[in-house]
Amino acid sequence: MQKKNFSKNNKIASIARLLLFSLIIFWMFLSILRLGYSFFRLLGEERYLFSLSAAEKKQAFFANPDIIDEYITKHLKQEDAIMLYGTDGGLYFRLRYLVYPRKVYWENNIGLYPVKPNWSYKLYTEKNLPSSKNIKLIIDSKTHKIAGGLVKTNE
Amino acid sequence: MNEILLIIYVCFLSLIGATILDIAKIFSGRSKLLLFSIGFGVGVSMIIIQMFLFSWLGIAWSREVLFGPWLLWLVLYGIAKRGKISHLSISLPKGSIEKVLLVLLVILFCYAAIESQLRPVIGWDAVATWFMTGKGFFIDGGIRPEFYRYLQIQDNPPGMGLILSSFYVLIGKVDDQVTLLFFTVFYGMLLCAFLSLLSEKMPLRYSLFFTFLFASTQELLRQAGRFEAGYADLPLAYFFFVSTCLSLEYFGKRNFRSIVVVSFLSAVPIFIKNEGSTMYIILAFLWLSSLKKTKNLFALVTGFTLFAFWNVFKLNQGLQLSYLFKGSLDLTRTTAIFSGVMSEFINISRWNLLWIAFFILIFLFKKTKENVLLLLIIFLQLWVYILIYFITPLNPAAQIIGSFDRLLLHLMPLVMFFIALTSYDILIRPKLFDAKSK
C-alpha cells in the first residue's frame, strides 16, 4: 500500500515537473520572440525618432503644449499664474510641469483648493477661444495655426 | 555632455554606497557586482536623506554642500583602506550558453537605454508627479509645503523628486531628457543585484537564465525606458527587492553594524512612494519578531527614524498624512475587484508567464524558512494593494486598469526570485544531485 502511494506521488511529481519545465521553456521562447520584435519595432516604426532634435521630439509628441509653453515661458514673468479653461487635462498637467515656476490652475479642479488661488492670466485653447478683443493669440510660427489665447485678468 | 555626467554621478553614488556597505561589513568576500549594485541604492538613499534634512533645516542646496562631504568621505575611506582595496576585475563567463545569455541581457539593457532617449518625458505620472517634484524642488531650492499644496499631492514622498533634483544641482539646470536614463540605471542595477544574489544560490548558467526571463518582462522594460520611464514604481521595486533580500539574510542575526544599514535600507522605500510605508511596516514587524534572539532594538531605530522623519515632516508642515485614513471599506466591490485583479495576473503581454508560474509554484515550493518568509512578505504587501481598491473613493474597476500593473511591478522582482529558487529546486537540483551520486 505504502509502495503504491509512493509510486503515485512520484508520478504526480514527474507530471508537475514536466509541466513546469514546458512552461519555462515556453516562457523563454516568448521572451526571445518579444526581444526580436522590440528590435524590429525600434529599427522600423520608431526609426524616425533617431533623427529628431529635442524640440522636434517635443513637437511630435505634444503639438499644442509645446507652442503654448514656449510662449508662456518667453512672455510671462516667473511669478505669474494662469487659469486654464477647457477640458484638456493632459494639457494642464504638461503645462504645469513645463512652465514652472509660473503656476497653472485648471477650471476643472480649482474647487479642490481649500483657499481659492489668484491668477493673472486666463488661458484658452483653440477649441474654446472667447471673442474678446483683449485676447493675445498664440500662433504656431510654422503652420500659422492658432494654438490658444491669453487674456490678462485686469484688462 | 550631461549623459557623461550622469554616468559619473551613478558611479559616484555606487561608490558612496559600496564604501558604507564595506564599513558595515555587509557583503565581505562576496561579488563586487553585488556590492556596487546594492551600493547604488545606498548611495541614492544617502543623498535623498541628506537633501531632505538640509531642506528641513534650511541649508541651501549647492554642489559643494551636497557632494563635498561625500567626496571627503571617499578620500578618507581611500586613505584608511590604503593598500587594502581589492582591484575590480571583470571576467566573462566561460560557457557558451552563459555568454549568449549575458549578451542577451546586455542587449536588453542597451535597448532600454536607447528607448529612454527616443522620447521626451511623456508618462502621465512622470509629468504630473515625479519629474514635476524634481523640477520644483530644484527651482525652489528645497521642499516647500506650498509647492506640495499647489500640486495637490500632499502625501506623496519626496524621494524621487530629490534624486532627480540632486542631478539638476550637479549640472546646474533642468535636463529631463538625460535624467530619464536614471530609470534605465535602476533597471540595470536591479538586474545586477538579482543576478548576483541568485548566482550565490545556483550555478551562473541558471541564474543568468532566470535573470533573462526577468529582464525581458515588458512591464519592466516599459518603465526602464519606454513609455512609462519616469515613474517611481521601478525604483520602488529595486528598493523592495534589495531591502527584503537583505532583511531575509539578517533576520535573527546579531551583527550590529550590518543590521543598522539593513534596517535603514528597509525604511528607504517610505521616501520613494506611499506603498513603501506598508512594506516597511511588514518588514519592521518581522524584525521585531526576531528581537528575542538578536536583542538589537537600538539597531532597528535607524529604520524607524526614517519612518518618523517623513511623517513628522508632514504633520509639522500641515500636509495630509495618508489618503488611506480618509476612506472606509466597501465590500460590495469584491466581484469587480476580483475580476480586475485576475485579468491582470493573466495578462501575458505585460508579464509573460510570470504570475501564472508563481501561482503554480506556491503549491510546489520547498518549505524553508527563507521561502516561507519571502512568500509571507509578498502576500501581505499584495493584500494591502488589493485592500486599497476597497477603500479608494474612485471607481475601483477603472483604477485597477490604470494602476494595478504598476503595483504588481513593485513585487515582481521578489516574485521572480521566488520562481527562480523554486524552479531550480524542483527541476535542476534533483538532476545535479543524481548526477553527483552516480
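**Exercise 1. Pairing around strand 1 of chain A**

Determine in which sense strand 1 and strand 2 of chain A pair, and over how many bridges.

*Solution.* In this predicted model, strand 1 of chain A covers residues 81-85, and its pairing with strand 2 of chain A is parallel, over four bridges. A specific pair of residues illustrates the register: Ile82(A) has Val104(A) as its bridge partner in strand 2 of chain A. The next step is to consider strand 3 of chain A, with which strand 1 of chain A also pairs in the parallel sense, again over four bridges. There the bridge partner of Ile82(A) is Tyr121(A).

**Exercise 2. From strand pairs to the sheet**

Establish the strand order of the open sheet in chain A, and state which strands are its edge strands.

*Solution.* Begin with strand 3 of chain A, which pairs with strand 5 (residues 146-152) of chain A in the antiparallel sense over five bridges. Within this pairing, Tyr121(A) stands opposite Lys152(A) of strand 5. The complete open sheet has five strands in the order 2-1-3-5-4, and its pairing is mixed. Strand 2 (103-106) and strand 4 (136-139) of chain A are the edge strands, each pairing on one side only. From one strand to the next, the twist averages 25 degrees.

Finally, consider the burial of strand 3 of chain A: this strand is largely enclosed by the rest of the structure, because four of its five residues are buried.

**Exercise 3. Helix 4 and the loop that follows**

Identify the strands across which helix 4 of chain A lies, and locate the cis peptide bond that involves Pro101(A).

*Solution.* Helix 4 of chain A comprises residues 89-98 and lies across strand 1, strand 2 and strand 3 of chain A. Relative to strand 2 of chain A, helix 4 runs at about 165 degrees. Pro101(A) is found in the loop between helix 4 and strand 2 of chain A. The cis bond joins Tyr100(A) to Pro101(A), with omega about 15 degrees. For context, most peptide bonds are trans.

**Exercise 4. Positive phi values in chain B**

For Lys25(B) and Asn352(B), give phi and decide whether each residue is buried or partly exposed.

*Solution.* Most residues other than glycine have a negative phi. Lys25(B) has a positive phi, near 60 degrees, and belongs to the loop between helix 1 (2-23) and helix 2 (32-57) of chain B. Its relative accessible area is 49%, so Lys25(B) is partly exposed.

Asn352(B) likewise has a positive phi, near 55 degrees. Asn352(B) is located in the loop between helix 18 (348-351) and helix 19 (354-361) of chain B. Since its relative accessibility is 2%, Asn352(B) counts as buried; the cut-off for this class is under 20%.

**Exercise 5. Geometry and burial of helix 7 of chain B**

Compare the span of helix 7 of chain B with the expected value, and state how many of its residues are buried.

*Solution.* Helix 7 of chain B contains 13 residues, 159-171. From its first C-alpha to its last, the helix reaches 19 Å, which is close to the 18 Å expected at 1.5 Å a residue. Twelve of the 13 residues are buried, and the helix is mostly covered. Among the buried residues are Met160(B), Leu164(B), Phe167(B) and Tyr168(B). After the helix comes Gly172(B), with a positive phi near 80 degrees.

**Exercise 6. Confidence of the prediction**

State the average pLDDT of chain B and the ipTM of the complex.

*Solution.* The average pLDDT of chain B is 89, and 94% of the residues score at least 70. For the complex, the predictor gives an ipTM of 0.88, together with a pTM of 0.93.

Technical notes. Residues are numbered from 1 along each chain as its sequence is written. Chains are lettered from A and ligands numbered from 1 in the order in which they are written. This is a predicted model: local features need pLDDT of at least 70, side-chain atom pairs count only at pLDDT 80 or more; totals for chains, interfaces and linings use all residues. Side-chain values use heavy atoms; hydrogens and water are left out. Helices (H or I, at least four residues) and strands (E, at least two) are DSSP runs, numbered from the N terminus. The expected span of a helix is 1.5 Å times one less than its number of residues. Buried means under 20% relative accessible area, exposed over 50%, partly exposed in between (1.4 Å probe, protein chains only). pLDDT is the predictor's confidence in each residue, from 0 to 100. Two strands pair if DSSP finds at least two bridges between them. Axes are lines fitted to C-alpha atoms, for helices over the stretch in contact, and angles run from 0 to 180 degrees between N-to-C directions. Contact means heavy atoms within 4.5 Å.
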